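Trainee: I should like to work through this structure step by step, with a short reasoned reply to each point.

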Amino acid sequence: MTLPIGNADAHEAFLSAMASGSLHHAWLFTGPQGVGKASFARAAALRLLAEAARPGVLPLGFDVPEDDRTRALIAAGSHPDYRELVRMPKDPDKPGQDLARSIPIAQVRALQPLFATTPSMSPRRVVLIDSVDDLERPGASNALLKNLEEPPAGTIFLLISHSPGRLLPTIRSRCRRLRFNPLDDEAMTTVLQAALLQANAAEITALVRAGDGSPGRALGYAGLDMAALDSVMTTIAANGDHSNAQRTKLAKALSLKAAQPRYEAFLDRVPSFIAEASATRQGDSLKIALDAYDGARALAISARALSLDQQATVYEMAGLVARLATA
C-alpha cells in the first residue's frame, strides 16, 4: 500500500513512534478532509499488523511486500485482528447508494467479541474508524470512550477526524494527536496528474486551486470543467458584468438538472475564489472583498440547507464575484 503524497512530517512522527517500542494505544489523525489521513491510516494499520506477525523481517519504513499474508487478508476483508468502522449503506442490498448519516452504537458494540479474546495472528490488533466524527452521539461516542479508557491488550486505535473540536473532550484526551496539513500546489499537481492522466494543464491548474490543498476534494471536481468556471468568474471579477449577460448565462447553465454536480462545485468554489482575490488587497478594496466572501459563504450554506432556487442562487453568487471589479 503506497503512502499518500505530502505530510511527510506526520508520516515520520508515526514511524518514530512505532520504532520506539512504546506506541500509544490511541491515535487521532486530524486535518482537512481529503489530505490523505485515511489512506495513511490504512497503510499504517497494514504495517503494524504485518510487522507484529513477522518481527524483524520486513524492510524499513511502511513497506509491506505484495506477497505478505497480512496484506492479502486485509485486502480480502478477512484479517481476524483488523476492523474498520465506517458509515454503512442505508440499504444493505444497494451498497453503492446512500450511506447512513452516522456510525451507530451497534457497530461499536460489535467490537466487544473481538476484545473478549486475544489477537489471533500476533500480539497486536488494529481498529480504524473513518471517521470518528461520524459516531452517533452520545451512545456510540460513549461506547468508544470506554474502550479508549480501558484499552484491550495489544489494541491500537486509529481514529480519523476532520473536525476534532466537535469530538468529546474525553475522547481527544485519550488520544495522541497527529496533524495532517493541506498539500502545497506542487504536491497537489503531482497527485492530480497521476490520477487524471487525460486532464490538460488548464484543468489541473483549476483543480489545484479548487481543491485548496485537498486532493480528495479536487478529485471530486474532476470532469466538471472547473477551468471554465474559473474563467467565467475571472472575467466577471475583472469587468463587473454591467450588462448582467455573463451572470444570466452562467445561472441558466448551472440550473439544468444535468448540471447539479457543477452547481455544487460552484457553491464550493466561489468563496475560495473570492478569498484568493482578497489576498493582495488593502484598505477599502480588501473590505469589499471580505464582505463579498462572507456573503458567498452564507449564501452557499443557505442554498443547500434551504434548497434555494438554483438559477437565482447562481446569479446572486456571481453578483458577489462582480463586486470585486468595484474594489
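Trainee: Which secondary-structure elements does the chain have, and how many of each?
Mentor: Please bear in mind that this is a predicted model. The C-alpha atoms of the chain fill a box of roughly 70 × 40 × 40 Å along the principal axes. Within the chain there are 15 helices and five strands.

Trainee: What share of the residues of the chain counts as buried?
Mentor: A residue is buried if its relative accessible area is under 20%. The chain has 327 residues, and the part that counts as buried is 43%.

Trainee: Of the contacts between residues at least 6 apart in sequence, what share joins residues at least 24 apart?
Mentor: Contact here means heavy atoms within 4.5 Å. With pairs at least 6 apart in sequence taken as the whole, the share that joins residues at least 24 apart is 71%.

Trainee: What is the order of the strands in the open sheet?
Mentor: The order can be built up from the pairings. Strand β2 (residues 82-85) is joined to β3 by four bridges, and β3 pairs with β4 over six bridges. Strand β1 has five bridges to β4 (residues 155-161) and four to β5 (residues 176-179). The sheet has parallel pairing, and its order is β2-β3-β4-β1-β5.

Trainee: Which are the edge strands of that sheet?
Mentor: An edge strand of this sheet pairs on one side only. From one strand to the next, the twist averages 15°. The edge strands are β2 and β5.

Trainee: Which residue of β4 is the bridge partner of Asp130?
Mentor: Asp130 lies in β3, a strand that covers residues 125-130 and runs parallel to β4. On its other pairing, β3 offers Val126 as the bridge partner of Tyr82. In β4, the partner of Asp130 is Ile160.

Trainee: Which residue of β5 stands opposite Phe29?
Mentor: Phe29 has a place in two pairings of β1. In β4, Phe29 stands opposite Ile160. Towards β5, Trp27 stands opposite Arg176, while the residue opposite Phe29 is Leu178.

Trainee: Are the residues of β1 that point either way from the strand buried or exposed?
Mentor: Ala26, Leu28 and Thr30 point one way from β1, and Trp27 and Phe29 point the other way. Strand β1 (residues 26-30) is mostly covered, with five of its five residues buried. For β3, the count is five of six. The residues on both sides of β1 are therefore, at under 20% relative accessible area, all buried.

Trainee: At what angle to β4 does helix α6 run?
Mentor: Helix α6 takes in residues 139-149 and lies across β1, β3 and β4. Its angle to β4 is about 140°.

Trainee: Are helices α14 and α15 roughly parallel or roughly antiparallel to each other?
Mentor: Helix α14 (residues 283-305) and helix α15 (residues 310-322) pack with their axes 9 Å apart, at an angle of about 165°. Angles over 145 degrees count as roughly antiparallel. The two helices, α14 and α15, are therefore roughly antiparallel.

Trainee: How do the residues of the contact of α14 with α15 divide?
Mentor: The crossing of the two helices is left-handed. On α14 the contact is made by Ala292, Gly295, Ala296, Leu299, Ala300 and Ala303, and on α15 by Thr313, Glu316, Met317 and Leu320. These residues divide into seven nonpolar, two polar and one charged.

Methods
Residues numbered from 1 in each chain as written. Predicted model: local features only at pLDDT ≥ 70, side-chain atom pairs only at ≥ 80, totals over all residues. Heavy atoms only, no water. Buried < 20%, exposed > 50% of the residue type's maximum accessible area, 1.4 Å probe, protein only. Pairing = 2+ DSSP bridges. Axes fitted to C-alpha atoms, helices over the stretch in contact; angles between N-to-C directions. Parallel < 35°, antiparallel > 145°, perpendicular 65-115°, else oblique. Left-handed = near helix turned anticlockwise from the far one by under 90°. Nonpolar A, V, L, I, M, F, W, Y, C, P; charged D, E, K, R; others polar.
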